[in-house]
Amino acid sequence: MTPHLVFSHGNSFPASTYRLMLDEWRARGWQVHAIEKLGHDPAYPVTDNWPHLVQQLQDFTQSIAAQHATQVYLVGHSLGGFLSAMTGVRIPHLVRGVLLLDAPLIGGWRAQLLRWAKRSGRMHAYSPGAISQRRRVLWDSEDEVMSHFLDKGKFARWHPEVLRDYVAHGTHAIGEGGQRALSFDRDIETAIYNHLPHVMPHLLGSGPFPFPVGFIGGEQSKEVRKVGLGLTRRITQGRIQMVKGSHLFPMEFPLETAARVDEWLKAGLGPIRPSTPPSRPMR
C-alpha cells in the first residue's frame, strides 16, 4: 500500500514553495497532500490559539484518510508542525506519526509569557507580526520580485529552485502590466503570529502519544534558541535531531530534508543516528 503524507507549510510560505521537497517525496513512493495556504479559507479564520486552523487541517486529513482508507503521517514546517501536533492528538486513530520540522513546541514559562503578552497587548514586542505587517506586497515585475528577495540574507541562502518557486507561487500577476502581488495575505500572516498558541502544554499534555512524534531542527535556528526544546523533548521522547541550516532549512536544503524525512518515516519515526542538541542554544 502506498504510504500517505500530509504536509503543512510554514507561515507566509504557500505549500507550492516546497515543490522540490514534495516532488522528491513523491519520487520516493509517497502520496503527498497539502493545503496550499492555511488560514485563507473564510470558513477557518485565524483566532487566538488557532482552533480553526487546527480544524482546517483536521478536516483535510480526515478527508484524505477516508478517501484512501488509510492512516497518514503528518509532517509540518514551523506553523505546519505546530498544527500537525495539535491535529494529531485530536484524531490519533488516523495518524501513523507526526514529524516536526523546526517547530519547537511552546511550553513552560515561555507559554505563560506568551499568554501574558497577548492579554496585555504587548504581543508586538515578541511576535514577528511587527515585521510581517509592514511586508512589501507589490512589485513591478517578476524580476523585481526575485531581486527583492535575493537582497535579503535568509532568502539568498535558499536553494535556487525553491526561491524560483516562491517567486512564481508566492506572488501572482495582477493586471496586464506584469506587476506581481504577494499571494499570502500579510494581514493573515500577522494574525497567525500574533495568535501563537500558549495552550500547547494543555492540548498536548506530556505524552506518550498513541503514535510517535519526531523533531528535526536547524543547527542555526534562532526559533529553537528562543523557544527551547523542553516540551518538544517530552513529546518526542528523545526523537530529536539537528541538521545543517537555519529555521528555513527545508528551503535551504530541500532534497537533503526530503531524504531525511523519508528515512525517519520509513524507520517508524526513529532517527537513524540520534543526536543530542547542544545544551547552550537550547536552554
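This report walks through an open sheet, a parallel strand pair and one proline in a predicted model.

## Ground rules

Because the model is predicted, local features need pLDDT of at least 70 and side-chain atom pairs count only at pLDDT 80 or more, while totals for chains, interfaces and linings use all residues. Residues are numbered from 1 along each chain as its sequence is written, and side-chain values use heavy atoms, leaving out hydrogens and water.

## The open sheet

Let's start with three strands (DSSP E runs of at least two residues, numbered from the N terminus) that form an open sheet in the order β5-β7-β6, with antiparallel pairing. Strands count as paired if DSSP finds at least two bridges between them. β5 (138-139) and β6 (171-174) each have a single partner strand, so one side of each edge strand lacks a neighbour in the sheet.

Two bridges join β5 to β7 (residues 179-182), and L138 sits opposite A181 of β7. Helix α8 (residues 160-169; helices are DSSP H or I runs of at least four residues) packs on this sheet and touches β6 and β7; contact means heavy atoms within 4.5 Å.

## A parallel pair

β8 (residues 213-218) runs parallel to β9 (residues 240-243), paired over four bridges, and G217 stands opposite M242. In β9, I240 and M242 on one side and Q241 and V243 on the other are all buried, that is, under 20% relative accessible area with a 1.4 Å probe, protein chains only.

## A look at P201

P201 belongs to helix α10 (residues 200-204). P201 is partly exposed at 29% relative accessible area, a class lying between buried and exposed (over 50%). Beyond neighbours within four places in sequence, P201 contacts I106, G107, G108, A111 and L231. G107 is 94 residues away in sequence, yet its C-alpha lies 5.6 Å from that of P201.

Note on methods. Axes are lines fitted to C-alpha atoms, for helices over the stretch in contact, and angles run from 0 to 180 degrees between N-to-C directions.
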